[in-house]
Amino acid sequence: MKRLLIVGYGAVAYLLFLAAFLYLVAFLGNFWVPRSVDHGISAPIGQAVLVNLLLLAAFGVQHSVMARPAFKAWWTRVVPSTIERSTYVVLSSAVLVLLYWQWRTMPTVIWDVWQPVGRTALWALFWLGWAIALAATFMVSHFDLFGLRQVYLAWQGKPYTHIGFHARWLYKLVRHPLMLGFFIAFWATPTMTAGHVLFSIAMTGYILIATQLEEHDLVGALGDEYRDYRRRVPMVLPWPRPHATPHPTEAAPQG
């Protein structure tokens with residue numbers, strides 16, 4: 001019965017992630033959903049900026065603090081290690097839902113591209129960004145990243161083991177292709193409002209800080225192997241490094 005509950009919890013957590021992820025796409029694209037980045041709660045501009053920044057800060061704090069090894073070591077004294085990752089996914093999804101629900105509209109238009117070719121190109125980039133972000137999760141371990149592998153191992157009565165993997169596909173171009181996808185998706189829009197630009201600036205800043213924290217943890221976990229990978233492969237933007245030397249055991253970040 002306990003194993004069934006663990007697997008059920010993990011499955012529900014994953015479904016919540018899928019719903020929150022799909023809503024984020026619709027939220028930023030202003031598709032189909034009742035509240036989006038440009039159609040939220042009406043409020044005076046000062047209140048809108050303050051509330052929106054608090055919502056973005058809540059996401060950043062939850063997402064980063066709970067991902068740190070020191071927090072995980074403490075947290076797993078409270079939450080069983082088998083569902084630690086699923087709980088992280090649940091809480092991340094909950095913070096996103098709060099953001100969607102309470103987002104304040106900031107309708108001032110920063111830019112508006114009406115030329116058909118330019119507008120189509122920006123929408124193509126928007127969808128490309130999301131495709132890169134989703135694909136990047138499968139290039140490491142999608143099911144481990146979102147807690148399903150952990151609960152599956154618990155169902156089988158097996159202990160959790162960290163996944164060893166190599167830098168493949170997009171991880172040979174940049175160390176954080178997931179974040180590259182987010183950058184593209186956040187900024188590629190034919191109509192950029194003040195609310196959208198606030199979201200994009202705040203999330204870009206958060207990602208740049210979070211990747212530095214993650215890299216510190218990866219160096220601590222992988223040592224010289226990751227230092228070598230970091231020397232050879234750029235962090236987010238795929239700028240070429242002419243003096244990089246291929247290495248047969250390339251390690252990619254585990255998220």
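# A walk through the helices

Tryptophan 32 is exposed, with a relative accessible area of 79%. This residue belongs to the loop that runs between helix 1 and helix 2. The model is predicted. Within this model, the phi of tryptophan 32 is near 65°, a positive value in a residue other than glycine.

The loop between helix 1 and helix 2 also holds asparagine 30. Its phi is positive too, about 55°, although asparagine 30 is not a glycine. Asparagine 30 is partly exposed, at a relative accessible area of 29%. The cut-offs explain the two labels: exposed means over 50%, and buried means under 20%, with partly exposed in between.

Now step back into helix 1, which covers residues 2–29. Phenylalanine 27 lies there. Its relative accessible area is 0%, so phenylalanine 27 is buried. The ring of phenylalanine 27 has a partner in phenylalanine 199. What are the distance and the angle between the two rings? The centres are 6.2 Å apart, and the planes meet at 55°, which makes the pair tilted. Phenylalanine 199 sits in helix 9, so the pair ties together parts that are 172 residues apart in sequence. Phenylalanine 199 counts as buried as well, at 2% relative accessibility. This pair is one of 28 aromatic pairs in the structure.

Another ring has a charge above it. The charged end of arginine 119 sits over the ring of tryptophan 114, 4.6 Å from the ring centre.

Helix 4 comes next. It spans residues 84–102, and serine 86 is found in it. Is serine 86 buried or exposed? Serine 86 is buried, because its relative accessible area is 1% and the cut-off for buried is under 20%. Which residues does serine 86 touch, leaving aside those up to four places away in sequence? They are Tyr9, Gly10, Ala13, Phe146, Gly147 and Val151.

One of those contacts, Val151, leads to helix 7. This helix runs over residues 148–156. Its buried residues are Arg149, Gln150, Val151, Leu153 and Ala154. An α-helix has 3.6 residues a turn, so residues three or four places apart point the same way. The buried residues of helix 7 pack against helix 1, helix 4 and helix 6, the last at 142–145. Glycine 157 follows helix 7, and the phi of glycine 157 is positive, near 75°.

The tour ends at helix 9 and helix 10. Helix 9 takes in residues 194–222, and helix 10 takes in residues 224–232. Their axes come within 6 Å and cross at roughly 135°. Helix 9 and helix 10 are therefore oblique to each other. On the helix 9 side, the contact is made by Glu215, Leu218, Val219 and Leu222. On the helix 10 side stand Asp224, Glu225, Tyr226, Arg227 and Arg230. By type, the contact residues divide into four nonpolar, no polar and five charged.

Alanine 221 is also found in helix 9. Is alanine 221 buried or exposed? Alanine 221 counts as exposed, because its relative accessibility is 64% and the cut-off is over 50%. Proline 69 is 152 residues from alanine 221 in sequence. In space, the two are 9.9 Å apart, C-alpha to C-alpha.

Notes: Residues numbered from 1 in each chain as written. Predicted model: local features only at pLDDT ≥ 70, side-chain atom pairs only at ≥ 80, totals over all residues. Heavy atoms only, no water. Axes fitted to C-alpha atoms, helices over the stretch in contact; angles between N-to-C directions. Helix = DSSP H or I, 4+ residues; strand = E, 2+ residues; numbered from the N terminus. Parallel < 35°, antiparallel > 145°, perpendicular 65-115°, else oblique. Contact = heavy atoms within 4.5 Å. Nonpolar A, V, L, I, M, F, W, Y, C, P; charged D, E, K, R; others polar. Buried < 20%, exposed > 50% of the residue type's maximum accessible area, 1.4 Å probe, protein only. Phe/Tyr/Trp six-rings, centres within 6.5 Å; stacked < 30°, edge-to-face > 60°. Lys NZ or Arg CZ within 6 Å of the ring centre and 35° of its normal.
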